[in-house]
Amino acid sequence: MPKKACSLLSGGKDSTYALHKAVELGYEISCIVSIKPFRKDSYMFHFPMVELTSLQTESMGLKKVHHILNITGEKEKEVEELYYELSRIRKDNDFNTLVIGGIASQYQLNRFKRLAEKLNIDLFDPQWGVNPEKYMYDLIDYNIRFIITQITTYGIPMDLLGVEVDKEIIKKIIGLSRKYGFHAAFEGGEAETFVIKAPLFNKGICIESYRKKISDFEYFLLPRSAYLCDNAKSIILNF
């Protein structure tokens, strides 16, 4: 049986990496699903800049199979809503595997497992259980280029917002994670990311944005413009 996958894509480093690993292992990408929850405190789905996933899928030549879904974001109900949406999409774009990019959240993994069982499909999570510190360096070696778009924890400075993450910044993040106790790969939602270039991207993404402070230790990027470009970059603007 051909390996046909539907890949969940938030726009961040983990879901982008998972999609790449699926392609690398021979999966045909039948659909890509990006989820925009109405609630900001969704247990399952990360939402910052999810609208910009359309640029990522366009760059990969997969825009025609890309679906951005609005769901409530309410605990447990959001999983049921995703089940019905995937069932609907599957009627036109058949798949036998669901691709996710989880690292350590048992809560999310258990629910995705039940969702896959209910759909009678396989679950593919290539980075589950990895060492988070090594994984961050592996992303750079794999040529996943990303920026931090949101910070919601003590210990990560605001000046890392919007800066492309390289190995020096990863070294700094790991040091801070050891000092302050947050997950080095942000699995607990301590920060969110957005990928501006990756091996499957035919074009990069250029993004111009402002840094905005919400409260102590809570900051996010406010995009002014984003577009496909030859040389991916992130530009921080002043208000």
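**Helix packing and nonpolar cores in a predicted model**

Good morning. I shall begin at a single residue, Asn-143, which lies in the loop between α5 and β6. Please bear in mind throughout that the structure on the screen is a predicted model. The phi angle of Asn-143 is near 70 degrees, a positive value in a residue other than glycine. As background, most residues other than glycine have a negative phi. Phe-186 is a further case, with a positive phi of about 65 degrees although it is not a glycine. Phe-186 belongs to the loop between α6 and β7, and I shall come back to this residue shortly.

Let me turn to the helices that precede these two loops. Helix α5 covers residues 132–141, helix α6 covers residues 167–180, and their axes are 10 Å apart. How are α5 and α6 oriented to each other? The angle between them is about 165 degrees. Angles over 145 degrees count as roughly antiparallel, and α5 and α6 are therefore roughly antiparallel to each other. Their crossing is right-handed. On the α5 side, the contact is made by Glu-133, Met-136, Tyr-137, Ile-140 and Asp-141, and on the α6 side by Lys-167, Ile-170, Lys-171, Ile-174 and Arg-178. Sorted by class, this contact holds 5 nonpolar and 5 charged residues, with no polar ones.

Helix α5 also packs against α1, at an angle of about 65 degrees and with the axes 12 Å apart. Here the crossing is left-handed. From α1 come Lys-13, Asp-14 and Tyr-17, which meet Tyr-135, Met-136 and Leu-139 of α5. This contact of α1 with α5 comprises 4 nonpolar residues, 2 charged residues and no polar residue. Met-136 of α5 is thus named in the contact with α6 and also in the contact with α1.

A further helix pair is α3, residues 77–90, with α4; their axes come within 10 Å and cross at roughly 40 degrees. The crossing of α3 with α4 is right-handed. The residues of α3 involved are Val-79, Glu-80, Leu-82, Tyr-83, Leu-86, Ser-87 and Arg-90, and they meet Arg-111, Phe-112, Leu-115, Lys-118 and Leu-119 of α4. By class, the contact of α3 with α4 has 7 nonpolar, 1 polar and 4 charged residues.

I now come to the nonpolar cores. In soluble globular proteins, nonpolar side chains tend to be buried together. Which residues have the most contacts inside the largest nonpolar core? They are Phe-146, Ile-148 and Phe-186, in a core of 51 residues. Several elements each supply at least two residues of this core, among them α1, β2, α5, β6 and α6, as well as β7, β8 and β9. Helix α6 gives the most, with 5 residues.

Two of the central residues merit a closer look. Phe-186, with its positive phi, has a relative accessible area of 3% and is therefore buried. Ile-148, beyond its neighbours up to four places away in sequence, touches Phe-186, and its other partners include Leu-160, Leu-161, Val-163, Val-165, Ile-173, Ala-191 and Leu-221.

There is also a second, separate core of 20 residues, which includes Ile-89, Leu-98, Ile-100 and Ile-121. Where is Ile-121 found? This residue sits in the loop between α4 (106–119) and β5 (122–124). Is Ile-121 buried or exposed? Its relative accessibility is 9%, so Ile-121 counts as buried. Apart from neighbours within four places in sequence, Ile-121 is in contact with Arg-90, Phe-95, Asn-96, Thr-97, Leu-98 and Ala-116. Ile-121 and Phe-95 lie 26 residues apart in sequence, with 7.8 Å between their C-alpha atoms. Arg-90, one of these partners, is also among the α3 residues that meet α4.

I close with two further positions. Leu-237 is in strand β10, residues 233–237. Not counting residues up to four places away in sequence, Leu-237 touches Glu-208, Ser-209, Tyr-210 and Arg-224. The C-alpha atoms of Leu-237 and Cys-206 are separated by 13 Å, and the two residues are 31 apart along the chain. Lys-77, in helix α3, has a relative accessible area of 41% and is therefore partly exposed. Between Lys-77 and Lys-203 there are 37 Å, C-alpha to C-alpha, for residues 126 apart in sequence. Thank you for your attention.

How values were computed:
Residues numbered from 1 in each chain as written. Predicted model: local features only at pLDDT ≥ 70, side-chain atom pairs only at ≥ 80, totals over all residues. Heavy atoms only, no water. Axes fitted to C-alpha atoms, helices over the stretch in contact; angles between N-to-C directions. Helix = DSSP H or I, 4+ residues; strand = E, 2+ residues; numbered from the N terminus. Parallel < 35°, antiparallel > 145°, perpendicular 65-115°, else oblique. Left-handed = near helix turned anticlockwise from the far one by under 90°. Contact = heavy atoms within 4.5 Å. Nonpolar A, V, L, I, M, F, W, Y, C, P; charged D, E, K, R; others polar. Core = buried A, V, L, I, M, F, W, Y, C linked by side-chain atoms within 4.5 Å. Buried < 20%, exposed > 50% of the residue type's maximum accessible area, 1.4 Å probe, protein only.
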